Amino acid sequence: MNVFREERITLPADLAKKIAHQSNRNLRRALLMAEATKVKQYPFPAGATPVIADWEQYLDTTARMIAERQDAPRLLEIRSRLYELLSHCIPATLIMNVRIAPLAPSPIISVKMFLTNNLALQGLVKKLLENCPDNTLKAEIISQAAIYEHRLQQGNKAIYHLEAFVAKFMSLYKRFIEENTMDMDF
């Protein structure tokens, strides 16, 4: 708000709250969202919504594509989309964005903690978890995401680790769907 005051721009309180919520209280991200929103629609109309970065919308679409179909051709499409993000200087850690250490002081990570705390997961993992109906599946995906995030930080070829995580997610998700459809058949 002080930045807008200095710039002599009036930012409606409801828009400021939306920006704070969507930026997960990340000041840098909030300023970028506010600036993009100002460029797109100033003066702010009533009920204005914050502008979301193009790469985040692209990541949303990618997550939907992963949840729609789990097969080799789709994995190849997803790989090219992930590579596209990487080639536009979006860091792999930001794409994945699993932050476990600040939330879990012990090695045993409670699923309830992740599912109730919106700040725990962001990026691709959060978007993929939105499609998962089962807490057991979510726990397994979170566990695998943490493993691949660690490998991502240790390795030097980000695309391999991102693609491996997506392949693992597809495998877990497809197995879950098949098991549940089999249970419904009987």
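# Helix packing exercises

**Exercise 1.** In this predicted model, helices H2 and H3 pack with their axes 9 Å apart, at an angle of about 135 degrees. Work out how H2 and H3 are oriented to each other, and describe their contact.

*Solution.*
- Step 1: Start with the two values that describe any packed pair: the angle between the axes and the distance between the axes.
- Step 2: Compare the angle with the cut-offs: over 145 degrees would be roughly antiparallel, and 65 to 115 would be roughly perpendicular. An angle of about 135 degrees fits neither range, so H2 and H3 are oblique to each other.
- Step 3: Add the handedness. The crossing of H2 and H3 is right-handed.
- Step 4: List the partners. From H2 come Leu-15, Ile-19 and Gln-22, which meet Arg-29, Ala-30, Met-33, Ala-34 and Thr-37 of H3. By class, the residues of this contact are five nonpolar, two polar and one charged.

**Exercise 2.** Stay with helix H2, residues 13–22. Which residues of H2 are buried, and how are they placed around its axis?

*Solution.*
- Step 1: Pick out the buried residues of H2, which are Leu-15, Ala-16 and Ile-19.
- Step 2: Look down the axis. These residues span an arc of only 100 degrees, so they sit on the same side of H2.
- Step 3: Turn to the other side of H2, where Lys-17 and His-21 are exposed.
- Step 4: Ask what the buried residues face. They pack against helix H3, residues 27–40.

**Exercise 3.** Now take helix H4 (residues 54–68) and helix H5 (residues 72–87). Find the orientation of this pair and the make-up of its contact.

*Solution.*
- Step 1: Read off the geometry. H4 and H5 pack at about 165 degrees, and their axes are 10 Å apart. That angle makes H4 roughly antiparallel to H5.
- Step 2: Note the handedness, which is left-handed for the crossing of H4 and H5.
- Step 3: Collect the residues. H4 contributes Trp-55, Tyr-58, Leu-59, Thr-61, Thr-62, Met-65, Ile-66 and Glu-68, and these meet Arg-74, Glu-77, Ile-78, Arg-81, Glu-84 and Leu-85 of H5.
- Step 4: Sort them by class. The contact holds seven nonpolar, two polar and five charged residues.

**Exercise 4.** Is Arg-74 buried or exposed, and which residues does it touch?

*Solution.*
- Step 1: Place the residue. Arg-74 belongs to helix H5.
- Step 2: Apply the cut-off of under 20% for a buried residue. With a relative accessible area of 8%, Arg-74 is buried.
- Step 3: Leave out residues up to four places away in sequence; Arg-74 then touches Met-65, Glu-68, Arg-69 and Met-170.
- Step 4: Tie this to Exercise 3. Met-65 and Glu-68 are among the H4 residues that meet H5.

**Exercise 5.** Where do unusual backbone values turn up in this chain, including those of Asn-24, Pro-43 and Cys-89?

*Solution.*
- Step 1: Recall the background. Most residues other than glycine have a negative phi, and most peptide bonds are trans.
- Step 2: Check Asn-24. This residue comes just after H2 and has a positive phi of about 55 degrees.
- Step 3: Check Cys-89, in the loop between H5 and H6. Its phi is positive, near 65 degrees, and at 68% relative accessible area Cys-89 is exposed.
- Step 4: Check Pro-43, in the loop between H3 and H4. The bond joining Tyr-42 and Pro-43 is a cis peptide bond, with omega at about 0 degrees.

**Exercise 6.** How far apart are the C-alpha atoms of His-88 and Trp-55, and those of Glu-140 and Phe-169?

*Solution.*
- Step 1: Locate His-88 in the loop between H5 and helix H6 (92–96). His-88 is exposed, at 53% relative accessibility.
- Step 2: Give the first separation. His-88 and Trp-55 are 33 residues apart along the chain, with their C-alpha atoms 8.8 Å from each other.
- Step 3: Locate Glu-140 in helix H9 (residues 135–154). At 32% relative accessibility, Glu-140 is partly exposed.
- Step 4: Give the second separation. Glu-140 and Phe-169 lie 29 residues apart along the chain, and 9.2 Å separates their C-alpha atoms.

**Exercise 7.** Summarise the chain: how many helices and strands does it have, and what share of its residues is buried?

*Solution.*
- Step 1: Count the elements. There are ten helices and zero strands.
- Step 2: Take the burial. Of the 186 residues, 37% are buried.
- Step 3: Finish with the contacts. Of those between residues at least 6 apart in sequence, 63% join residues at least 24 apart.

Key
Residues numbered from 1 in each chain as written. Predicted model: local features only at pLDDT ≥ 70, side-chain atom pairs only at ≥ 80, totals over all residues. Heavy atoms only, no water. Axes fitted to C-alpha atoms, helices over the stretch in contact; angles between N-to-C directions. Helix = DSSP H or I, 4+ residues; strand = E, 2+ residues; numbered from the N terminus. Parallel < 35°, antiparallel > 145°, perpendicular 65-115°, else oblique. Left-handed = near helix turned anticlockwise from the far one by under 90°. Contact = heavy atoms within 4.5 Å. Nonpolar A, V, L, I, M, F, W, Y, C, P; charged D, E, K, R; others polar. Buried < 20%, exposed > 50% of the residue type's maximum accessible area, 1.4 Å probe, protein only. Arc of directions from axis to C-beta.
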